[in-house]
Amino acid sequence: SCSKDCLVSQGNLTYPTTKRALIARTYLWHFKPKYFLEKLMMEIFKFHIESQWSGKIPVIRLNGTSDIRWHKYIDMAAINRDTGIRFYDYTKFPHDDKLPPKEAYSLTFSISEDPKSWERADKWLQHGYSAAVVVAADGKNNLKSARAAQQKVVDRGYLDIMGRRLRTIHGDEDDLRMLDRRGGLVVLYAKGKALSEQSPFVHRIQL
């Protein structure tokens, strides 16, 4: 449901030029992986230099519509140590004990309709990471109600789920997930086709 109704139905991903770029990168990743990684490293260090010039703190999210375990291909801890760059991503993979330090690579588990998803989310939360959930209003499929559902649980400060009371974090004010308090539930309001999604991917909130 995430790939079908959420990611591809909103924002820049709806533009033809963006879709062509996604196809080109995917082709290079699968058929020219060495070239892809060489070019990626060049772009990372170019970004580091540009960040130094502008006086800004560099952060990079490598996965957009993908869920590649980048820490298996590039040394994020060394890059962070040498440049100060911090990486972050959303993931649906089970927790991996061989992850780089959180300061180098911050991961937020993305909860889906998979029956094992909440179990996996709990494992990430227990290890001090965050988990993200998409919410909308119960019985409604418009954007205003979805935002109201999000605001309700954010203002309340918690969501009772999995037999636990999880602290909530507003997930749409920015995308700087590495700055979130650890072990929190990032609440995103449903967008695009996800507003009409009736599977457990979208957690329905009573208004």
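Glu103 and Arg182 form a salt bridge in this predicted model, with 3.2 Å between the closest N and O atoms. The pair joins distant parts of the chain, 79 residues apart: Glu103 belongs to the loop between strand S2 (86–91) and strand S3 (105–110), and Arg182 to the loop between strand S6 (164–170) and strand S7 (185–189). The structure holds ten salt bridges, and its largest nonpolar core has 36 residues.

**Salt bridges**

- Glu103 counts as partly exposed because its relative accessibility is 44%.
- Arg182 is likewise partly exposed, its relative accessible area being 48%.
- Lys191 and Asp172 meet through their side chains in a salt bridge, at 2.9 Å from N to O. This pair also links distant parts of the chain, with Lys191 in the loop between S7 and strand S8 (202–205) and Asp172 in the loop between S6 and S7, 19 residues apart.
- The partners in that bridge fall into separate accessibility classes: Lys191 has a relative accessible area of 16% and is therefore buried, the limit being under 20%, whereas Asp172, with 27%, is partly exposed.
- A salt bridge also connects Arg81 with Asp82, where the closest N and O atoms are 4.0 Å apart. Both of these residues are exposed.
- Asp174, Arg177 and Asp180 are linked to one another in a network of salt bridges.

**Nonpolar cores**

- Within the largest nonpolar core, the residues with the most contacts are Ile44, Leu62, Trp70, Phe87 and Ile111.
- The elements that contribute two or more residues to this core are helix H3 (33–54), helix H4 (76–83), S3, H5, strand S4 (130–137), helix H6 (143–156), strand S5 (158–161) and S7.
- Apart from residues up to four places away in sequence, Phe87 touches Ile44, Ile60, Leu62, Ile74, Met76, Ile79, Ala104, Tyr105 and Ser106.
- A second core, separate from the largest, consists of nine residues, among them Val134, Ala136, Tyr189 and Val202.

**Helix H4**

- The buried residues of H4 are Met76, Ala78, Ile79, Asn80 and Thr83. Two of the residues touched by Phe87, Met76 and Ile79, are thus found on this list.
- The cover over the buried residues of H4 includes H3, S2 and S3.
- Gly84 follows H4 and has a positive phi, near 85 degrees.

**Ser117 and the start of helix H5**

- Ser117 lies in helix H5, which spans residues 117–126.
- With a relative accessibility of 2%, Ser117 counts as buried, because the class takes in values under 20%.
- The side chain of Ser117 reaches the backbone nitrogen of Ser112 at a distance of 2.8 Å.
- Leaving out neighbours within four places in sequence, Ser117 is in contact with Phe109, Ser110, Ile111 and Ser112. One of these, Ile111, is also among the residues with the most contacts inside the largest nonpolar core.

**Second largest pocket**

- The second largest pocket has a volume of about 150 Å³.
- Its lining comprises 14 residues, and those nearest the centre of the pocket are Lys102, Ser106, Met178, Asp180 and Arg182.
- S3 supplies the largest share of this lining, three residues.
- Several lining residues recur elsewhere in this briefing: Arg182 is the salt-bridge partner of Glu103, Asp180 belongs to the network with Asp174 and Arg177, and Ser106 is one of the residues touched by Phe87.

Technical notes:
Residues numbered from 1 in each chain as written. Predicted model: local features only at pLDDT ≥ 70, side-chain atom pairs only at ≥ 80, totals over all residues. Heavy atoms only, no water. Helix = DSSP H or I, 4+ residues; strand = E, 2+ residues; numbered from the N terminus. Buried < 20%, exposed > 50% of the residue type's maximum accessible area, 1.4 Å probe, protein only. Polar contact = N/O pair within 3.5 Å; in protein donor to acceptor, adjacent residues only side chain to side chain. Contact = heavy atoms within 4.5 Å. Core = buried A, V, L, I, M, F, W, Y, C linked by side-chain atoms within 4.5 Å. 1 Å grid on protein atoms, 1.4 Å probe; cavity = no way out; pocket = protein on both sides within 12 Å on 5 of 7 lines; lining within 4 Å. Points joined across faces, edges and corners; volume = space filled by probe spheres on them.
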